[in-house]
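Hi,

Here is the structure I promised to pass on to you. Please have a look at it first, and then read my notes underneath.

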Amino acid sequence: MNKTEGTLLVHAIGGGDLGFAGERNLAGVTPDFEGDPGASGKDRRPLRKIFEGLAAADLPVSMVVLLGTTNTYGSGGETFAGWADEIRARLVSETGLCGARFDPEAVFVVRVEAPRLKETSKALSRWLAERHPEDILVTCGSGAFALSTGALCAALETRRPARIVHIDDPGRPYSLDRPRDMDAHLESWLLRYRFWDALAEVDPDNRTLWELLAARQAGDTETARRLKKRPSVPEVPGLTPGKIDDFTRPWLTVRAALFERLGRGEAADYGLFRAWFAEHLRRLFEVEQEKRDERGRKVLSPHTEREIGDLVADLGDRAKGEGRLAERIATTARAVMSDITSASARMIKDAELTSLYRAASSHRAHLKPERLDAGPLPPTLLEAAAQWERGDPGVKLVAETGRVGWPLLGSGDVLGLLAVGLERQGRESEDWLAVTTVLNELHARRESLLHRGRLRLRLLASAETVERARRLAASFDGAADVDVWVIEIVSEDLGSIRDALVAALRSEAVPTGRPGSGSLRDVDEVVLVLNPGLPLTNYGMIAAAVEWSLTAACPLWVTELVRSQVGRSELRSGQPVVARLGADRVLAGLAADAVRRLDLRTARRLIERGSDTLREVLPTLARLENDLFGPRQDGWSERELPTVARRRLLLVVEVWGDRPALAAYLAVAALRPALFGWEAWKRLCKERPALKDLGRRANGALQGHALDQRERGEHRARGHADVRDLLQRAVRELGGPAENDNALIVHHESVINVLDAMYRETA
C-alpha cells in the first residue's frame, strides 16, 4: 500500500478501549480490548463502533494511527502507549480486533508525552510530516478530548484535510470547513486595519474615497489638492468640496496618518509622532494662553507659560536637533512638575509619551518600533486619538458607503469562550476556579492591546448545566471591567452548536465603530478555551470561534483548560493553529498588501497572528525588513555601503514613486543614520546634489518638518513629477547602476509571491 494514499483514522486510546472507562488507578487491571461483540451503548468498545459504523457508511480506512500517552500518573506504571502497542498487535493479527484486521504496515502507534493538546499535535505532526493521506478521520467521544483536538491541530499544521468522527455516529464525519463568504471577511479585515489602497481595488465604485484615505494615511495632501482642481469629481456619497478640503490640511493629515498607523501597529512613522508632539503641544499651549478665570486673570501661571513657551519655540526649530530636544522636554517637565492644572504641562509630564519622543528623536525608532507592541499607549496619546476620531471626516465618509468601521485603536476588549462541563461532585468550586483562571488569561492578553477595555467571557451551557452556569456568571456580577454571560445551547449536533453560538454572539454585536460600545463585533482578540466535556460541544465552539474571529477581524487563540495533580485549574498552550481554518488566508492577503507598500511592521504583526505555517514566512520578511531599513552590518566595508544604499533607493522609488513626500522620507530614513552617520551623511550631501535635494524633500514631508516650516513661513508646495528622476540621480551619484542593484526589488517581489501563494493555497 502506498503510504501517501487513502484515508487515515486517528484514534486516541483511553480507558474505554481497555474496558474500564472511568477508572483512575489502572494498576493491576487486566484490559479487555475485544469486549462483547453483542453489547450495545457504552459497553461496546469504541473501535468496534467506529469500524462497523464506517463500514456501514462505505467509508473505507487505509491506515490507522493509535495515539498513546507515555505518562504513568494514576496508572500504576502502565501507559496507554504500551496498551496501544497491544491493540496494534491484535489489529494486525490473523484474527484482528473489534471486527477489523489490517496489514502490519497500515497500523501505527504514535507516542504522546502527556494527554495535552500541544504534546499530541507535536507528536502527530512529526509522524504526518513524511505522509500524505487523502483524508484524516479524527475520532472523539471516548474520552481523551485533548488528544482528539491535538490530532486535529496536527492535521491543520501539516496542511492535511481532516474530519471529526464521533464514536456513536461514525457514518457522519464532520468537517470544520472554512467559512463560506471569505471575500466578505477579507473586506472586513481590510476595513478594520484601514488598508485603504486595497479597498480601492475591491470596491472600485468608491475608489476616489479609498484613494483619498490612502493618501492621507501616507501623509500626502497633494492627492486631495489635485482632486480639488479637477473640473469634475467622481460622485462619492458625502464627499463634498468642503470634505475634500479637509484632506488638504497638513495638521489634520498628520493626526490621521499617525493615529491610523498606530491603530494597526505600524508605528512607522515616528517622524509623524515627532511632528504631532510638537504641534499638539503648541496648540494646547496657545489655547491655555488665552484662558482667563472669572476675574479676567490668566489661568496659566507666569512660570509655566515661560517654561513651556520656550519649549514650544525650541520644538519648532529643527536646528536644535531632536536628541537635544528630548532632553529639553525632560528638563521642562521637571520645571513644571508642581503645576496640576495646565494641560500642556500634563502632556510633557506623561512619562510614557516623552519616552516615545525620545525614541523618535533617535531616528532609529523608525526601524525598530518594538515599544508599540508592548501594551497600552500613553494616556495623552489615547485621549488625543479619541478626540480626533470623534470628529474624523473619514469615519462619516466610510459610513456613507454603507459600512461601519472599527474603533481606531480597537476596543481593548478580549472575548473568551468556555464550555461548562457536566455535573459531578465538587464541580461548582472547580468551575469558579476555572473561570477565574480564564479571566486571568484574558486580563494578560488585554495588557498587550493599545488600550484597556473589558474582559468578555461567554459560558456555553447545555440544558443540564445552564442553571449552574448562571450561578457561576452571577458570582462575577459587579466585577470591574468584566462581564460573564451564559449562552444556552440545546443541540449536540456540531453544526447546530456552531450556528447557535454565532447567532448568540451576533445578538451582542451591533456595530458602531466607536470604542466602549460593548459590541462583540469590535473585540480585539478571541480566546477559545477547550474544556474536558462533550466533544461535539467543544468542536462546535471551535467552529463558532473561527467564524467569529473572522467576523470581528481579530486573532483567535486556542488554549486548553487542565487540572493539575493538586487540583488547580491551568491553561496550556495558547496556539493560533486554528487560523488555518480561515484567518491564515486573510492574514496572508493583508500581509501581502502591506509588503507591497513597504509597511513591513504591519506585515510582521499580521503574520505573527497566524498559524505556525504562516509564521514560516517571518524569517524571510525579517531579512527584507533588515535589508531595507536595517543598520550597517558588522564587517561591511565602506565600499559596500553605496551598493546597499542604491538597492534601498531603487526599492523605495519602485514602490512609492507616485507619492513623492513619502518616497523622499522613506529613502532618507533607509540611509540615515542606518548606513551613514550624521557626519558621513553631511559629506555625502555636500558632494552629491541629488542626495542633498532628497534630504530637503524629506524634511519637507509631513513626516519630517513640514509643520515647523509652515509656521516659520517656509512651507511651499513642491513638485512631485520628478521624484523618480531625483531618486534615480541619487542612485547614479552613489556609483550605480550596477548589475545587482535590483537585488532588493527581487527579494521584495519574492516575499509578496510567497504570501500570495499562501493566500491562494488557503482559498
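Below are some notes on cavities and on two serines.

Please keep in mind that this is a predicted model.

Let me begin with the empty space inside. The structure has 8 cavities of 30 Å³ or more, and the largest cavity holds about 170 Å³. Its lining is made up of 15 residues, and those closest to the centre are Arg192, Gly263, Gly410, Asp524 and Arg605. Sorted by class, the lining of the largest cavity comprises 7 charged, 6 nonpolar and 2 polar residues.

Next, serine 611. You will find serine 611 in the loop that runs between helix H24 (600–607) and helix H25 (612–615). Its relative accessibility is 0%, so serine 611 counts as buried. Through its side chain, serine 611 makes a polar contact of 2.6 Å with the side chain of aspartate 584. Asp584 also appears among the contacts of serine 611 beyond four places in sequence, together with Pro576, Val577, Ala579 and Arg580.

The other serine is serine 344, which sits in helix H15 (residues 343–348). Serine 344 counts as buried because its relative accessibility is 0%. The side chain of serine 344 is joined to the side chain of serine 342 by a polar contact of 3.0 Å. Setting aside residues up to four places away in sequence, serine 344 touches Leu281, Leu284, Phe285, Glu288 and Ile308.

Happy browsing, and best wishes!

How values were computed. Residues numbered from 1 in each chain as written. Predicted model: local features only at pLDDT ≥ 70, side-chain atom pairs only at ≥ 80, totals over all residues. Heavy atoms only, no water. 1 Å grid on protein atoms, 1.4 Å probe; cavity = no way out; pocket = protein on both sides within 12 Å on 5 of 7 lines; lining within 4 Å. Points joined across faces, edges and corners; volume = space filled by probe spheres on them. Nonpolar A, V, L, I, M, F, W, Y, C, P; charged D, E, K, R; others polar. Helix = DSSP H or I, 4+ residues; strand = E, 2+ residues; numbered from the N terminus. Buried < 20%, exposed > 50% of the residue type's maximum accessible area, 1.4 Å probe, protein only. Polar contact = N/O pair within 3.5 Å; in protein donor to acceptor, adjacent residues only side chain to side chain. Contact = heavy atoms within 4.5 Å.
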